[in-house]
Amino acid sequence: MVSENQDPNIRILCRRLQIIKNESGLQWLIGSPFFPRHTIISTFRCIHSTSSNPLSPDFSKESDDIRTLLPKGFEVIGALIVEKDCNFDKIAGQAINAACNLRKSLSSDENLGNLELIGAVVDLNNAKDVRFFVSKDGKLGSLQSVSSIIYEDKPEKYIWERGCLLRCALHVKLPLYYNTSSPNDVHEIYMRTAEAVASKFKDPQVTCLIEALDETSSGAIVLRGSDLNTYSSNSSSELKDSDMKALLCSYFFSTSKDITSFSSIEENADKIQVSFLLNKSINSAKPSAPIAEYYPATQETELLVIGHKLDVLCYAAKDLSLAYSVSKLVIPALLDQLHSMRKVIMPDLLKGHPELHPYHFLPPGLLHPITVLYELSYGETELKQVETRRSLHLRLGLPFDRPLLRISNAIDLVGKKNTGSSVKKGSLLKDVHLGIPCSGVSGGVSSLVQGSYEYYHYLHEGLDDSGWGCAYRSLQTIISWFKLQNYTSIDVPSHREIQQALVEIGDKDPSFIGSREWIGAIELSFVLDKLIGVSCKIINVRSGAELPEKCRELALHFENQGTPVMIGGGVLAYTLLGVDYNDATGDCAFLILDPHYTGNDDIKKIVNGGWCGWKKAVDSKGKHFFLHDKFYNLLLPQRPNMV
């Protein structure tokens with residue numbers, strides 16, 4: 001029975017609530033105890049069901065996955081069901097019941113709190129209409145319809161002004177001694193050893209060192225085990241009292257960051273580092289010497305050492321006490337991750353156990369980080385790793401032709417990505433087209449390159465390639481795009497390496513290496529296929545005058561593929577970053593990145609000089625940008641269909 005009482009508000013932060021399209025399915029709705037009730041931050045698709053019915057979740061598998069994926073400080077607050085010809089009230093009750101059961105599977109606390117769960121329903125016959133209901137404690141008798149929906153305009157600002165990240169990395173080694181005549185005993189020994197490690201977090205001798213990851217912030221805070229073991233529940237009254245008694249997370253953030261334009265967690269989020277130390281030197285009333293005891297093994301014994309690299313992220317409100325944050329967020333997160341690793345390793349403990357490593361990601365469209373355990377004994381291109389990523393893409397509603405969850409995509413909170421020896425001494429300009437003036441096409445629709453690239457042009461890296469290297473530079477820009485989008489990990493090749501690749505495939509003679517010979521679109525396609533496995537589409541036009549006729553096709557390329565395009569005509573080559581096209585009038589402009597530039601990397605000089613800017617086929621003075629007496633080849637690299 002639906003209550004007609006005054007509706008509560010549903011606040012939606014995520015920009016895409018429904019990730020299941022054209023089929024029945026269930027999504028979990030994610031919120032936070034630090035936000036107002038009924039605030040939806042993100043959504044995960046349910047991918048494990050107990051039967052062929054997608055609306056019947058396997059709560060054991062779902063809870064295992066979400067316990068690993070979802071940082072502490074976020075929680076399941078409801079479910080959304082997509083179904084055809086549905087009874088909204090009935091389906092909303094099923095959604096709330098599923099969310100209630102999942103919360104019970106995720107929590108060891110029988111008192112799950114006085115939370116009103118959300119049930120959302122989408123009818124496939126009208127997919128744009130989402131109906132919301134709430135029910136206190138999952139009791140279907142108190143089902144209440146909600147019509148007041150608030151969509152947050154700046155969700156990143158909403159999340160990161162209110163809260164911060166706590167990170168804790170801990171390397172745990174577990175020595176397992178077992179009798180060779182009873183090798184199966186090692187499983188029980190492993191369980192006991194792991195439980196002994198877990199109990200150390202409650203040891204009064206444990207010491208917690210807390211400091212900001214920002215070098216300009218305040219000094220470190222030290223908390224003792226006695227400070228961390230004073231909280232027995234998650235009650236709101238205890239939370240309030242703890243904040244009054246102790247230092248808050250905001251202690252480390254004296255000034256608020258301007259996150260009006262959010263770029264990344266590394267740049268914009270406030271972050272705290274948590275480290276654990278165990279005091280082995282206990283003060284004694286009487287002086288004593290160290291004692292070593294000898295326990296000889298009565299039978300032949302083997303030693304197996306299991307290493308766990310724990311790395312957790314937690315989200316906490318800035319007005320939450322540090323002690324409470326560590327004891328109720330960080331420590332439970334470490335224990336959960338240890339449990340998840342133990343569950344994976346246990347079956348193959350004696351067969352060469354998996355090498356698990358946690359990584360944190362913030363893929364496009366998601367407002368909070370997720371954590372993934374990858375098995376490093378498999379390469380990233382091996383089937384097992386690929387299937388793991390594909391299932392994650394399915395759960396998060398990510399496209400299946402974008403490598404968004406590879407190790408190189410992981411969040412880098414401590415700057416490790418910038419410390420390798422392969423980083424070039426001089427950084428290149430990126431995304432120079434951002435902020436340039438408009439094209440001047442009236443009523444046009446802009447279709448632009450998707451993602452970042454580096455600007456390669458004449459004279460880079462001390463190589464004088466003026467007059468012959470423009471296509472090489474365009475190719476380098478294109479490969480930099482694939483590298484920055486994590487489709488490849490190779491370094492951007494030099495001119496000589498490009499020539500070497502063409503010789504190796506038999507397209508050129510060995511004398512080509514080290515020469516100043518031009519290359520064109522065909523050679524570029526060979527190199528892309530050879531070095532990074534990228535196929536290309538080539539468009540031929542007989543004259544520069546015909547290029548505007550290809551604007552519709554180019555617009556579709558940038559919308560669907562999003563890769564930079566190489567344009568070659570006569571002895572000149574350009575990189576095309578987008579088009580602005582009016583379908584009704586045919587008026588169009590081309591966003592050109594010119595590799596013929598020979599100056600220093602001054603963004604203003606490049607833009608003001610027209611080296612990156614919109615070009616019309618015929619400008620206001622009647623000058624033709626593309627030559628009418630030259631044929632042109634357009635190289636359109638295709639995104640690999642991979643995750």
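Q: What makes S3, S1 and S9 an open sheet with edge strands in this predicted model?
A: The three strands lie in the order S3-S1-S9, with parallel pairing. The edge strands are S3 (39-40) and S9 (148-151), as each of them pairs on one side only.

Q: How do you know that S1 and S3 pair?
A: Pairing takes at least two bridges between the strands. Two bridges join S1 (residues 9-12) to S3, and the two strands run parallel. You can look at one partnership yourself: Arg 11 has Thr 39 in S3 as its bridge partner. In general, strands of a sheet pair through backbone hydrogen bonds.

Q: Why is Cys 314 not in a disulfide with Cys 168?
A: A disulfide needs two cysteine sulfur atoms within 2.5 Å. The closest cysteine sulfur to that of Cys 314 belongs to Cys 168 and is 8.4 Å away, so the gap is too far for a bond. The count for the model comes to zero disulfides. Cys 100 is in no disulfide either, since the nearest cysteine sulfur, in Cys 46, is 16 Å away.

Q: Why is Cys 100 called buried?
A: Buried means under 20% relative accessible area. Cys 100 has 12%, so the word applies. Cys 314, at 0%, is buried too.

Q: What makes Cys 164 a neighbour of Cys 314?
A: Contact means heavy atoms within 4.5 Å. Leaving aside residues up to four places away in sequence, Cys 164 touches several residues, including Cys 249, Phe 253 and Cys 314. Cys 164 sits in strand S10 (residues 163-179), and its relative accessible area of 0% makes it buried.

Q: Why is the pair of Trp 468 and Tyr 472 called edge-to-face?
A: Two rings pair if their centres lie within 6.5 Å, and planes over 60 degrees apart count as edge-to-face. Here the centres are 5.4 Å apart and the planes stand at 80°, so the name fits. Trp 468 is buried at 8% relative accessibility, and Tyr 472 is buried at 0%.

Q: What makes Phe 590 and Phe 626 an edge-to-face pair?
A: Their ring centres are 5.1 Å apart and their planes are at 80°, so this pair is edge-to-face. The pair links distant parts of the chain, 36 residues apart: Phe 590 is in strand S21 (residues 588-593), while Phe 626 is in the loop between S22 (612-615) and S23 (632-637).

Q: How do you know that Arg 131 lies over the face of Phe 88?
A: The CZ atom of Arg must be within 6 Å of the ring centre and within 35 degrees of the ring normal. Arg 131 is at 4.5 Å from the ring centre of Phe 88 and lies over its face.

Terms used
Residues numbered from 1 in each chain as written. Predicted model: local features only at pLDDT ≥ 70, side-chain atom pairs only at ≥ 80, totals over all residues. Heavy atoms only, no water. Buried < 20%, exposed > 50% of the residue type's maximum accessible area, 1.4 Å probe, protein only. Helix = DSSP H or I, 4+ residues; strand = E, 2+ residues; numbered from the N terminus. Phe/Tyr/Trp six-rings, centres within 6.5 Å; stacked < 30°, edge-to-face > 60°.
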